[in-house]
Amino acid sequence: MVDDNLDLYLFNPFSTAVVPLPPFRNDFISEPIPRPYGSLVYFVWKAVWFAEPTDPNCIIALLYQWDYTRDMETGVVYYKWGDARWTVLETSLESVDNVVFFNENLYLVDRWGGVKEIDLHQGREITMETWLKGYKYLGAGPSGPLLVAKHMKACEVRPFELFELDRTLKKWVETKSLDEGMFFLGMNTLIWLSSSNLKGCKGNSIYFIYYNMNDRRKDLCIFNLEDGSFGTICGIDEKLLYNGYEWVVPIP
């Protein structure tokens with residue numbers, strides 16, 4: 001959570017616990033308070049972390065955006081537990097679209113699908129260049145990072161494509177199988193879960209919410225990766241998702 005003064009907190013909606021973080025205003029931010037549209041505006045687009053927030057080995061990374069003239073630019077900062085401030089992550093990627101942790105490494109993807117694998121402990125960086133079309137969502141399965149490309153035409157969702165990261169070839173390789181796994185697609189998140197642990201859910205599928213422009217309604221939908229078919233599970237009250245949606249996995 002980020003307040004108007006750019007103070008940051010981790011908030012657990014189930015336990016209501018609040019963990020304060022260093023404020024999101026350091027040397028890389030020139031204005032401490034967001035301004036009206038037309039000047040400099042910052043907001044956090046995504047937060048990911050390795051280890052639990054109370055673990056001394058925890059690292060939190062933020063993907064943030066700023067807007068000068070309607071063109072959004074992105075940057076990444078990270079925080080190691082106990083640091084006094086956020087550290088800017090220098091990268092050669094032109095514009096970071098998404099970030100995810102797998103094991104202890106941070107993976108960054110740009111708007112063309114180019115990948116950076118970064119060891120934040122040792123500062124080691126591996127470049128894996130590729131090029132992909134479509135809106136890209138980054139997640140992680142049991143064996144490594146996975147990427148879903150969503151294709152749109154006339155505001156309608158076209159088939160999804162699934163790619164797994166081949167670290168030997170240093171590129172994304174298309175695959176049609178998540179095995180028993182499933183992806184839950186949010187505004188900027190991609191959560192992997194096993195269908196064997198969730199009764200009634202179907203493996204090798206992507207669950208997402210689709211806004212039908214013609215009927216002006218929102219539906220919970222499913223995409224079958226094997227045959228490329230779409231299905232509607234149920235309708236959703238549009239008022240509940242006025243500003244978008246994210247999936248949350250509560251820890252028992």
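## A briefing on cores, rings and contacts

Not counting residues up to four places away in sequence, Ile206 touches Val148, Phe160, Phe183, Leu185, Cys221, Ile222, Phe223 and Leu225. Keep in mind from the start that this is a predicted model. Ile206 is a good place to begin a tour, as Ile206 is among the residues that touch the most other members of the largest nonpolar core. From there we can visit the cores, the aromatic rings, the cysteines and a few polar side chains.

**The nonpolar cores**

- The largest nonpolar core has 18 residues, and those touching the most other members are Val148, Phe160, Leu162, Phe183, Leu185, Ile206 and Phe208.
- At least two residues of this core come from each of strand S12 (144-153), strand S13 (156-166), strand S15 (181-185), strand S17 (205-212) and strand S18 (217-224).
- Strand S17 contributes the most to this core, with four residues.
- Another core, of 15 residues, lies apart from the one just described, and its members include Ala61, Val76, Leu93 and Phe101.

**Aromatic rings**

- Searching the whole structure turns up 10 aromatic pairs.
- One of them joins Tyr79 and Trp86, whose rings are 5.4 Å apart centre to centre, with 50 degrees between the planes.
- That pair counts as tilted because an angle under 30 degrees would make it stacked and one over 60 would make it edge-to-face.
- Are Tyr79 and Trp86 buried or exposed? Tyr79 counts as buried because its relative accessibility is 6%, and Trp86 is buried too, with a relative accessible area of 3%.
- Phe223 and Phe230 form another tilted pair, at 4.8 Å centre to centre and with 50 degrees between the planes.
- The two partners sit in separate classes: Phe223 is buried at 2% relative accessibility, whereas Phe230 is partly exposed at 39%.
- Phe223 and Phe230 also belong to one aromatic cluster together with Phe160 and Phe208.

**Cysteines**

- How many disulfides does a search of the whole structure find? The search finds zero.
- Cys221 shows the reasoning at work: the nearest cysteine sulfur, that of Cys234, is 8.9 Å away, and a disulfide needs two sulfur atoms within 2.5 Å, so Cys221 is in no disulfide.
- Cys221, one of the residues that Ile206 touches, counts as buried because its relative accessibility is 6%.
- Cys201, in contrast, counts as partly exposed, at 28% relative accessibility.

**Asn105 and its surroundings**

- Asn105 belongs to strand S8, which covers residues 105-110.
- With a relative accessible area of 12%, Asn105 falls under the 20% limit and is therefore buried.
- Which side chain makes a polar contact with the side chain of Asn105? The partner is the side chain of Glu117, at 3.1 Å.
- If neighbours within four places in sequence are left aside, Asn105 is in contact with Val100, Glu117, Ile118, Asp119 and Arg124.

**A salt bridge**

- The count of salt bridges comes to one.
- Glu174 and Lys176 are the residues whose side chains meet in a salt bridge, with 3.6 Å from N to O.
- Glu174 counts as partly exposed because its relative accessibility of 39% lies between the limits of 20% for buried and 50% for exposed.

Technical notes:
Residues are numbered from 1 along each chain as its sequence is written. This is a predicted model: local features need pLDDT of at least 70, side-chain atom pairs count only at pLDDT 80 or more; totals for chains, interfaces and linings use all residues. Side-chain values use heavy atoms; hydrogens and water are left out. Buried means under 20% relative accessible area, exposed over 50%, partly exposed in between (1.4 Å probe, protein chains only). Rings of Phe, Tyr and Trp (its six-membered ring) pair if their centres lie within 6.5 Å; planes under 30 degrees apart count as stacked, over 60 as edge-to-face and the rest as tilted. A polar contact is a pair of N or O atoms within 3.5 Å; within protein, one must be able to donate a hydrogen and the other to accept it, and residues adjacent in sequence count only if both atoms are side-chain atoms. Contact means heavy atoms within 4.5 Å. A nonpolar core is a set of buried Ala, Val, Leu, Ile, Met, Phe, Trp, Tyr and Cys residues joined through side-chain atoms within 4.5 Å. A salt bridge is a side-chain nitrogen of Lys or Arg within 4 Å of a carboxyl oxygen of Asp or Glu.
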